[in-house]
Amino acid sequence: VERIFLESKSYTKEVMEQLKSIDVNIAVDDFGTGYSSLTYIRELPVDILKIDITFIQGMMENKKDLSLVRLIINVAKEFGLKTVAEGVETEGQLKLLKSLGCDYVQGYLFSKPMDREQFLSLLS
């Protein structure tokens with residue numbers, strides 16, 4: 001998406017708006033790293049910011065990582081977006097993210113990756 005967005009902002013926005021018209025939610029993955037940019041949330045119809053795992057892993061010991069997590073959550077709220085924290089592995093991380101107002105979390109604390117059969121078994 002990043003390369004396509006950089007090459008053709010109008011095309012990317014058009015495709016995303018078509019997806020939104022059929023009730024597809026759009027998430028920006030690994031927000032805060034690489035190509036992800038505030039431009040995405042200003043110019044594209046996104047719904048969710050996924051906070052990169054590196055910030056989540058470091059936030060308990062590193063004040064800068066914690067500040068970035070807090071900042072991303074607050075920016076998302078200002079734009080009416082939801083947040084997902086990637087890579088939550090401890091109860092301490094979960095508690096802190098809840099206190100910061102993070103909407104959703106994912107990570108090994110809840111489940112390791114599983115194949116289809118394991119997933120279906122978990123659902124039943």
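# Notebook: a look around one protein chain

**Entry 1: the whole chain.** I began with the surface, and the accessible surface of the protein chain comes to about 8100 Å², with 54% of that area belonging to carbon and sulfur atoms. I am noting early that this is a predicted model. Next I looked up the extent: the C-alpha atoms fill a box of roughly 40 × 40 × 25 Å, taken along the principal axes. I also checked burial, and 32% of the 124 residues count as buried. Then I turned to contacts with a separation of 6 or more, and 43% of these are accounted for by residues 24 or more positions apart.

**Entry 2: the elements.** How many helices and strands does the protein chain have? I found seven helices and four strands. Reading from the N terminus on, I wrote down the order as α-α-β-α-β-α-α-β-α-β-α.

**Entry 3: the sheet.** I traced the four strands next, and they form an open sheet in the order β1-β2-β3-β4, with parallel pairing. Which strands stand at the edges? They are β1 (27-31) and β4 (104-105), and each has a single partner strand, so one side of each is left without a neighbour in the sheet. A reminder to myself: strands of a sheet pair through backbone hydrogen bonds, either parallel or antiparallel.

I followed the pairing strand by strand. β1 and β2 (residues 48-51) are joined in the parallel sense over three bridges. Along this pair I found A27 opposite I48, and V28 opposite L49. On to the following pair: β2 and β3 are parallel too, over four bridges. Here L49 stands opposite T83 of β3. I liked meeting L49 twice, since L49 stands opposite V28 in one pair and opposite T83 in the other.

**Entry 4: which way the β2 side chains point.** I wanted to see the two faces of β2. I48 and K50 point one way, while L49 and I51 point the other way. Are these four residues buried or exposed? All are buried.

**Entry 5: a lysine in the sheet.** K50 caught my eye, as it lies in strand β2. I looked up its accessibility: K50 counts as buried because its relative accessibility is 18%, and the cut-off for buried is under 20%. What is K50 in contact with, once its neighbours within four places in sequence are left aside? My list has A27, V28, D29, D30, F31, V84, E86 and Q106. I also compared K50 with Y104: they are 54 residues apart in sequence, and their C-alpha atoms are 9.1 Å apart in space.

**Entry 6: a threonine in β3.** T83 is found in strand β3. T83 has a relative accessibility of 1%, so it counts as buried. Leaving aside neighbours within four places in sequence, I listed its contacts as L49, I51, I72, I73, A76, G101, C102, D103 and Y104. One of these, L49, is the residue that stands opposite T83 in the sheet.

**Entry 7: a helix across the strands.** Where does helix α5 (residues 63-78) lie? I found α5 across β1, β2 and β3 (82-85), running at about 175° to β2.

**Entry 8: two aspartates with positive phi.** I checked backbone angles and stopped at two residues. D23 has a positive phi of about 65°, although it is not a glycine. D23 is found in the loop between α2 (9-21) and β1. Its relative accessible area is 69%, so D23 is exposed.

D30 is not a glycine either, and its phi is positive at about 55°. This residue is in strand β1. D30 is partly exposed, with a relative accessible area of 29%. I had already met D30 among the contacts of K50.

**Entry 9: rings.** I looked for aromatic pairs last. How many are there by the rule used? The count comes to zero. I did find a charge over a ring, though: K112 lies over the face of Y108, at 4.5 Å from the ring centre.

Notes. Residues numbered from 1 in each chain as written. Predicted model: local features only at pLDDT ≥ 70, side-chain atom pairs only at ≥ 80, totals over all residues. Heavy atoms only, no water. Pairing = 2+ DSSP bridges. Contact = heavy atoms within 4.5 Å. Axes fitted to C-alpha atoms, helices over the stretch in contact; angles between N-to-C directions. Phe/Tyr/Trp six-rings, centres within 6.5 Å; stacked < 30°, edge-to-face > 60°. Lys NZ or Arg CZ within 6 Å of the ring centre and 35° of its normal. Buried < 20%, exposed > 50% of the residue type's maximum accessible area, 1.4 Å probe, protein only. Areas by Shrake-Rupley, 256 points an atom, 1.4 Å probe, with all protein chains shown as cover.
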